[in-house]
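Below are my comments on the model, as numbered points. Please read them with the coordinates open.

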Amino acid sequence: MNHMTKAAALRSSALATIAVLAAGAASAQGVEITYVSGAVGNAVNNFDALVAPWEERTGNDVVLVPMPASTTDQFGQYRLWLAAGNADIDVYQTDVIWAPQLAEHFVDLMPAATEAGVLEQHFPAIIESQTVDGKLVAMPIFTDAPALYYRTDLLEKHGAEVPTTWAELQETAQRIQDAERAEGNAEMWGFVFQGNAYEGLTCDALEWVKSFGGGQIVEPDGTISVNNPQAAAALEAAAGWVGTISPEGVLAYQEEESRGVWQTGNAVFMRNWPYAYLLGNGADSAVAGKFDVAPLPMGEGEGATSAATLGGWNVAVSRYGDNQEVAIDLAMYVASAEAQKQRAINEGNLPTIQSLYEDADVLAANPYMARWQEVFLNAVPRPSAPTQQDYNEVSTLFFTAVHSVISGEAEAAEALEELEADLEDVLE
Ligand code: GLC
């Protein structure tokens, strides 16, 4: 080894030592928290910016592990990890319907939330939905209530009003679809929604059933109500959309596929959650500035109403992680007014903190949001409270039955009769 190389070798070994020391110092200061979350819209892209203020304040790091977009698939994965006591994941982003089923695996956030004095900031019903036997299983980070997205330009061009019933929607969608296609717009469809056999279809179909006065599948008192003529009428109506105003492909659509068709300008109407609003007005959207939102249409017959399924996401801390104190601190941050405001402005998510509905920045980013508080306060919960541990099975039976009807494999009345018997087996 000549002199120069020896010096170079020494220098590089010294640098390596410094690097090791530096890494040691960093890890002594902070811990790394692993956070799992579904990947819908821009949530994953925006995540680093969302947690950056917390990372800077605390010197800790958050690593995001993205999950599949389907909440049904996420639930399956979470359940496996939690049942195995997985210590690698500290924080789980959880759907509003999961609290009763996953409660035993999560840390009680009530002491931290009480100490921080933040519970009163949130809508009480949402805190209640995440509380199981007095344990606060998860802190809410946003709520969800769907909208009927409609193309203002197309409605105006074809002299149509915003539909207030499903029959009007079908008529208007068909008329505009036919006229646009006649003008050479071959890809145009009337209505896109979530028709895949997964939790999203439970949400859409609960809206149809409820809007026809057909109840809430299983009522808050535990009565199985789904086998009734109004529910059958609702499902028959939806079955009539597939292949006429909605593409056959809708039977495989989740939120993001519906948004894809909508945002390329190929649908007159779309059922989706508020996250699609800001994205639809984004620079890469063909429908930017050409749409608005309205409450979903009503059904027909006695008890007909406009119905929106209550959705929403929360943050929960695993009992099996090594850094629970830090993870709880992160959870409190992600649920805080500061983070919820960021989410509302960047992703269009509806806050669970009441005062943010009067925040000028939030309202400037989402002009519809003041109107939407009303919609979500009247939203219909899925029957996770009355079915507790069995919710996932109940929902799976429901969306499977609905899918068989809208794909033309079964008659609504028969499918609902069978569903009722299956639900009795599960819930007895
Ligand atoms: C949205 C809702 C969630 C629901 C899901 C269904 O993410 O917030 O509650 O389960 O859609 O796809």
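1. Beyond its neighbours within four places in sequence, Q170 is in contact (heavy atoms within 4.5 Å) with G240, W241, T244 and I245. For one of these partners, T244, the C-alpha atom is 9.0 Å from that of Q170, and the two residues are 74 apart along the chain. Q170 belongs to helix α8, residues 166-182. Helices and strands here are DSSP runs (H or I of at least four residues for helices, E of at least two for strands), numbered from the N terminus. Q170 counts as partly exposed because its relative accessibility is 28%; the classes are buried under 20%, exposed over 50% and partly exposed in between, with a 1.4 Å probe and protein chains only.

2. On provenance: this is a predicted model, in which local features need pLDDT of at least 70 and side-chain atom pairs count only at pLDDT 80 or more, while totals for chains, interfaces and linings use all residues. Residues are numbered from 1 along each chain as its sequence is written, and side-chain values use heavy atoms, with hydrogens and water left out.

3. Over the whole structure, the search returns 14 salt bridges, each defined as a side-chain nitrogen of Lys or Arg within 4 Å of a carboxyl oxygen of Asp or Glu. One of them joins R382 and D95, with an N to O distance of 4.0 Å. This pair connects distant parts of the chain, 287 residues apart: R382 is in the loop between α16 (369-377) and α17 (384-387), and D95 is in strand β3, residues 91-95. R382 is buried at a relative accessible area of 6%, and D95 is buried at 4%. D95 and R382 also belong, with E199, to a network of salt bridges.

4. A second salt bridge is formed by R271 and E207, whose closest N and O atoms are 2.7 Å apart. R271 sits in strand β9 (residues 267-272) and E207 in helix α9 (residues 199-211), so the pair ties together parts 64 residues apart in sequence. R271 and E207 are both buried.

5. The salt bridge between R371 and D292 has an N to O distance of 3.3 Å. It too links distant parts of the chain, from helix α16 (R371) to strand β10 (D292, residues 291-294), 79 residues apart. Here R371 is partly exposed, at a relative accessible area of 43%, and D292 is partly exposed at 22%.

6. How many residues of β9 are buried? Six of the six are, so β9 is largely enclosed by the rest of the structure. β9 runs antiparallel to β7, to which four bridges join it; within this pairing, R271 is the bridge partner of L148. With β8, β9 runs parallel and shares three bridges, and M270 in β9 stands opposite V192. Strands are taken as paired if DSSP finds at least two bridges between them.

7. In helix α11 (residues 255-263), the buried residues are E255, S258, R259, V261, W262 and Q263. Their cover includes β7 (147-151), β8 (189-192), α9, β9, α12 (275-280) and β10. G265, just after α11, takes a positive phi of about 90°.

8. The largest pocket has a volume of about 570 Å³. Among its 25 lining residues, A125, S129, L310, P381 and A385 are the closest to its centre. Helix α6 gives the largest share of the lining, four residues. On a 1 Å grid over the protein atoms alone, a pocket is an open set of points with protein on both sides within 12 Å along at least five of seven lines, a cavity is a set where a 1.4 Å probe fits but cannot get out, and lining residues have an atom within 4 Å of a point. Grid points are joined across faces, edges and corners, and a volume is the space filled by probe spheres set on the points.

9. Four cavities of 30 Å³ or more are found in the whole structure. The largest cavity holds about 430 Å³ of space. Of the 30 residues lining it, V40, F142, D144, W273 and W313 are the closest to its centre.
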